[in-house]
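Here are some exercises to work through with the model on your screen. Try each one yourself before you read its solution.

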Amino acid sequence: MFIQPAYRRSEMQEPQNWQQLANGCLIQACVQQQLDDSRTHCLNGVTLTLGNLAQQLDVSGFTLGRPVNICQTAQQVNDGNRISAHYTHLPIKNESIDTLVCPFVLDFAADPHQVLRELLRVLADDGTLILAGFNPLSPAVLSGLWRSKNYPFPWQGRYFTHARVKDWLSLLGFRVERQRYFIEHFFTQQATETGGHSEWICQRCPWLSAGYWLVAKKSCYIKPQANKVRKERLNLTQALPAARVKQSANWHYEER
């Protein structure tokens with residue numbers, strides 16, 4: 001099995017709203033439900049949402065004040081809580097965000113590694129990172145081979161397994177606290193609440209669901225003030241002059 005590189009030279013177009021996705025209303029409802037269930041892992045502080053899809057989600061349960069949204073589409077920015085910027089260069093101070101909500105951002109990012117590094121930079125210690133992505137092992141991806149022109153998303157993006165994303169997070173120092181598959185639908189037909197046979201199959205085989213959900217915490221490590229070996233060396237060098245003085249004093253006393 002060949003793993004494609006995560007980096008892509010050309011920029012990728014991301015959806016502007018949930019309606020551009022096949023079964024977009026169903027996907028939005030599933031994401032909102034998972035977001036509500038993950039509130040216990042989030043800190044009540046400053047919340048940053050990334051992407052056009054995130055601005056339509058309700059994050060008031062763990063946000064002090066209005067959340068800040070960053071998107072890459074300049075023409076849709078119309079208030080002070082929306083910022084137009086590239087995801088690899090966020091105009092945010094270091095360690096100033098308590099919760100990051102990123103639904104389906106890595107699937108349409110040209111450099112997902114740099115996006116995660118930038119999220120690590122702006123996230124405070126013990127902050128929460130919430131990621132949602134499409135599952136490449138799901139039959140929903142195969143249904144994109146017969147997609148219509150009206151719904152080019154989500155099959156226009158790239159897919160990474162949740163195990164691969166977890167590996168990226170562990171390398172950056174995150175610890176995953178909640179993971180699961182969701183969106184029990186194959187996108188073969190339009191649905192609002194139930195997926196019929198696909199829902200029945202996904203309930204018995206969760207890894208066939210259309211999406212995955214990850215909640216990770218930024219680990220904070222307490223660095224020791226001094227290295228143990230260095231302490232031993234310093235103690236040894238401080239003890240040597242005292243020993244020499246004591247030895248010299250005893251030698252003069254014996255001469256007398």
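**Exercise 1.** Is Asn23 buried or exposed? Work that out, then look at its backbone and at its place in the chain.

*Solution.* Before we start, keep in mind that this is a predicted model.
- Step 1: Asn23 has a relative accessible area of 2%. The cut-off for buried is under 20%, so Asn23 is buried.
- Step 2: now the backbone. Asn23 has a phi near 55°, which is positive, and it isn't a glycine. That's worth a second look, because most residues other than glycine have a negative phi.
- Step 3: as for its place, Asn23 belongs to the segment before α1, the helix that covers 24-37.

**Exercise 2.** Which loop holds Ile183? Once you've found it, check its phi and its burial too.

*Solution.*
- Step 1: go to the loop between β6 (174-182) and α5 (197-204), and you'll find Ile183 there.
- Step 2: its phi is about 60°, again a positive value in a residue that is not a glycine.
- Step 3: the relative accessibility of Ile183 is 2%, so Ile183 counts as buried.

**Exercise 3.** How many aromatic pairs does a search of the whole structure find? Take Trp18 and Phe104 as your example and classify the pair.

*Solution.*
- Step 1: the search turns up 5 aromatic pairs.
- Step 2: for Trp18 and Phe104, the ring centres are 6.2 Å apart and the planes meet at 80°. Planes over 60 degrees apart count as edge-to-face, so that's the label for this pair.
- Step 3: trace the chain between the two. Trp18 sits in the segment before α1, while Phe104 is in the loop between β4 (97-103) and α2 (112-122). They are 86 residues apart, so the pair links distant parts of the chain.
- Step 4: check the surroundings. Both Trp18 and Phe104 are buried.
- Step 5: widen the view. Ring pairs join Trp18, Phe104, Phe134 and Tyr159 into a cluster.

**Exercise 4.** What is the order of the strands in the open sheet of 7 strands? Use that order to find the edges, then see what packs on the sheet.

*Solution.*
- Step 1: reading across, the order is β3-β2-β1-β4-β5-β7-β6, and the pairing is mixed.
- Step 2: the ends of that list give you the edges, β3 (82-84) and β6. Each has a single partner strand, so one side of each has no neighbour in the sheet.
- Step 3: ignoring direction, neighbouring strands are turned by 15° against each other on average.
- Step 4: zoom in on β6. It pairs with β7 (residues 211-218) in the antiparallel sense, over 8 bridges. To see one spot where they meet, find Tyr181, whose bridge partner in β7 is Tyr212.
- Step 5: add the helix. α1 packs on the sheet and touches β4, β5 (123-134), β6 and β7. The direction of α1 makes about 140° with that of β6.

**Exercise 5.** Which residues is Pro91 in contact with, leaving aside its neighbours within four places in sequence?

*Solution.*
- Step 1: locate Pro91 in the loop between β3 and β4.
- Step 2: skip those sequence neighbours, and you get Ile70, Ile83 and Ala85.
- Step 3: for a distance check, try Val122. Pro91 and Val122 are 31 residues apart in sequence, and their C-alpha atoms are 9.2 Å apart in space.

**Exercise 6.** How many salt bridges does the structure hold? Pick out a few and see which ones join up.

*Solution.*
- Step 1: the count is 5.
- Step 2: one of them brings together the side chains of Arg39 and Asp36, at 3.0 Å from N to O. Arg39 is partly exposed at 32% relative accessibility, and Asp36 is partly exposed at 32%.
- Step 3: another is Arg175 with Asp126, where the closest N and O atoms are 2.9 Å apart. This pair links strand β6, home of Arg175, to strand β5, home of Asp126, with their positions 49 residues apart in the chain.
- Step 4: Arg175 also forms a salt bridge with Glu177, with the closest N and O atoms 3.6 Å apart.
- Step 5: put these together, and Asp126, Arg175 and Glu177 are linked in a network of salt bridges.
- Step 6: check exposure around the network. Arg175 is partly exposed at 35%, Asp126 is partly exposed at 31%, and Glu177 is partly exposed at 36%.

Conventions. Residues are numbered from 1 along each chain as its sequence is written. This is a predicted model: local features need pLDDT of at least 70, side-chain atom pairs count only at pLDDT 80 or more; totals for chains, interfaces and linings use all residues. Side-chain values use heavy atoms; hydrogens and water are left out. Helices (H or I, at least four residues) and strands (E, at least two) are DSSP runs, numbered from the N terminus. Buried means under 20% relative accessible area, exposed over 50%, partly exposed in between (1.4 Å probe, protein chains only). Rings of Phe, Tyr and Trp (its six-membered ring) pair if their centres lie within 6.5 Å; planes under 30 degrees apart count as stacked, over 60 as edge-to-face and the rest as tilted. Two strands pair if DSSP finds at least two bridges between them. Axes are lines fitted to C-alpha atoms, for helices over the stretch in contact, and angles run from 0 to 180 degrees between N-to-C directions. Contact means heavy atoms within 4.5 Å. A salt bridge is a side-chain nitrogen of Lys or Arg within 4 Å of a carboxyl oxygen of Asp or Glu.
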